[in-house]
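Here is a friendly briefing to read alongside the model. Please keep the viewer open as you go through the points.

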Amino acid sequence: MTEIKKRHIAILGSTGSIGTQAVEVIKAHPDQFQVEVLTTNNNAHLLIEQAIELQPNVVVICNEDRYDQVFSALDPLGIKVYAGAKAIASVVEMDAIDMVLTAMVGYAGLLPTIKAIEAGKSIALANKETLVVAGELITRLAAQKGVNIYPVDSEHSAIFQCLVGEFHNPIEKIILTASGGPFRGKTREFLSTVTKAQALKHPNWAMGAKITIDSATLMNKGLEVIEAKWLFGLRSDQIEVVVHPQSIIHSLVQFEDGSLKAQMGLPDMRLPIQFALGYPNRIKSDFPRFNFMDYPSLTFEQPDRTTFRNLQLAFDALDKGGNAPCIINAANEIAVDAFLNDQIGFLEISEIIENCLIKSSFVQSPTYDDYVRTDDETRRLATERIKSLV
């Protein structure tokens, strides 16, 4: 293998689930990676700890109330400290950065990703909401700037890995696998009484609270369907979702000759993170290895789009196009937050999203400003709906 030039990384959302695992990957390969930027929304303590260990050039704490705490700890070490969301969108333009890992949660990741692409940085995309909200804008901008977007979601990484060496061969369809979450096979009657604690117990993956609830409602899979459309240039009828409870096959590609390629492995987000950061090279790791004897049976079933309405709503938004995916993303973020704060029941998440999809202003060919207005309007409508339900 030819000598690899050290890649300089910005991690947006370094204290979250993806961010902390990315830090693990980078620490294991100091000859391959150098951290230039770390950002967090609120977790000043962990940000300081990471910065002391990794010695980045810059850190950003989004919560400006925590700035003094971070500054006093890191300024003596020569680490620059900034605060606020605008600072995150600014620091990604730094000349020293080669790649930006967008691991922020939700809509907040959109503007920093746009700024990073405009600055010509490679993107390791863990923030699926960026492509859900503004897929057409993002993919067009990346093409104009010659920027590569490397997917970090395990399912999209699996598709990407299956396509390496196959980019000249048209895709017939892709199959995104879903664990089914903690409530697979349950009825709407059962779901009407589930608790936050039950919904936060994912059977296979350790993730942050928001994505764990999204997995339980199947909205996470719905968002991945929309993300896949933009990442791989597909129509909605070329995207199939199959429930695979063991989470060993991470997704599949079917080609025009009928052949299927699958990417398999134990559920471990460090692998797709490392693949994205190190592409095109596969970097040696000490991650646990898969043993077929531990999984003598791999099973598959159809998702229940009637009980788990969010998956169908995502397909509906994808088919409608325009700003519809932006609407469901904003409504979902507000609804999930309300559920996590014990304001609404589990099934009301879907009801709020559907209500917003009907009532929010539809824009067929949205600009960035349209997305901002759509996000604001939908959050207001969702909040009003929640108040009416409480």
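A residue counts as buried when its relative accessible area is under 20%, and as exposed when that value is over 50%. The model is predicted, and this tour takes in two loop residues, two helices and some of the empty spaces.

**Two loop residues**

- Ser179 sits in the loop that joins β8 (171–178) to α8 (188–191).
- With a relative accessible area of 10%, Ser179 is under the 20% cut-off and is therefore buried.
- A polar atom of the Ser179 side chain lies 3.0 Å from the backbone nitrogen of Gly181.
- Leaving aside residues up to four places away in sequence, Ser179 touches Arg184, His202, Asn204, Ser215, Val243, His244, Pro245 and Ser247.
- Gly78 belongs to the loop between α3 and β4 (80–83).
- Gly78 is exposed because its relative accessible area, 55%, is over the 50% cut-off.
- The C-alpha atom of Gly78 is 9.4 Å from that of Pro56, and 22 residues separate the two along the chain.

**Helix α2**

- Helix α2 covers residues 44–54, and its buried residues are Ala44, Leu46, Leu47, Ile48, Gln50, Ala51 and Leu54.
- An α-helix has 3.6 residues a turn, so residues three or four places apart point the same way.
- The cover over the buried residues of α2 includes α1 (17–28), β2 (33–40), β3 (58–61) and α3 (67–74).
- Gln55 follows α2 and has a positive phi, near 50°.

**Helix α14**

- How far apart are the end C-alpha atoms of helix α14 (residues 324–340)? They are 24 Å apart, which agrees with the 24 Å that its 17 residues should span at 1.5 Å a residue, because the expected span uses one less than the number of residues.
- Of the 17 residues of α14, 16 are buried, so the helix is mostly covered.
- Asp342, just after α14, takes a positive phi of about 60°.

**Enclosed cavities**

- Rolling a probe the size of a water molecule over the atoms shows where empty space is left.
- How many cavities of 30 Å³ or more does the structure hold? There are 2 of them.
- The largest cavity contains about 70 Å³ of space.
- Its lining has 10 residues, and those closest to the centre of this largest cavity are His250, Gln263, Asp268, Leu271 and Pro272.
- Two elements, α7 (154–163) and α12 (270–278), give two or more residues to the lining of the largest cavity.
- The lining of the largest cavity comprises 4 nonpolar, 5 polar and 1 charged residues.
- The second largest cavity has a volume of about 50 Å³, and the residues along its lining include Arg188, Leu191, Thr217, Phe308 and Phe346.
- At least two lining residues of the second largest cavity come from each of α8 and α13 (309–320).
- By class, the second largest cavity is lined by 4 nonpolar, 4 polar and 2 charged residues.

**The second largest pocket**

- About 360 Å³ of space lies in the second largest pocket.
- This pocket is lined by 17 residues, with Ile149, Phe167, Trp230, Leu231 and Phe232 nearest its centre.
- The elements α6 (129–145), β7 (149–151), α7 and α11 (219–232) give two or more residues to the lining of the second largest pocket.
- How do the residues of the lining of the second largest pocket divide, and what are the counts of nonpolar, polar and charged? They divide into 13 nonpolar, 3 polar and 1 charged.

Note on methods: Residues are numbered from 1 along each chain as its sequence is written. This is a predicted model: local features need pLDDT of at least 70, side-chain atom pairs count only at pLDDT 80 or more; totals for chains, interfaces and linings use all residues. Side-chain values use heavy atoms; hydrogens and water are left out. Helices (H or I, at least four residues) and strands (E, at least two) are DSSP runs, numbered from the N terminus. Buried means under 20% relative accessible area, exposed over 50%, partly exposed in between (1.4 Å probe, protein chains only). A polar contact is a pair of N or O atoms within 3.5 Å; within protein, one must be able to donate a hydrogen and the other to accept it, and residues adjacent in sequence count only if both atoms are side-chain atoms. Contact means heavy atoms within 4.5 Å. On a 1 Å grid over the protein atoms alone, a cavity is a set of points where a 1.4 Å probe fits but cannot get out, and a pocket is an open set with protein on both sides within 12 Å along at least five of seven lines; lining residues have an atom within 4 Å of a point. Grid points are joined across faces, edges and corners, and a volume is the space filled by probe spheres set on the points. Ala, Val, Leu, Ile, Met, Phe, Trp, Tyr, Cys and Pro count as nonpolar, Asp, Glu, Lys and Arg as charged, and the others, Gly among them, as polar.
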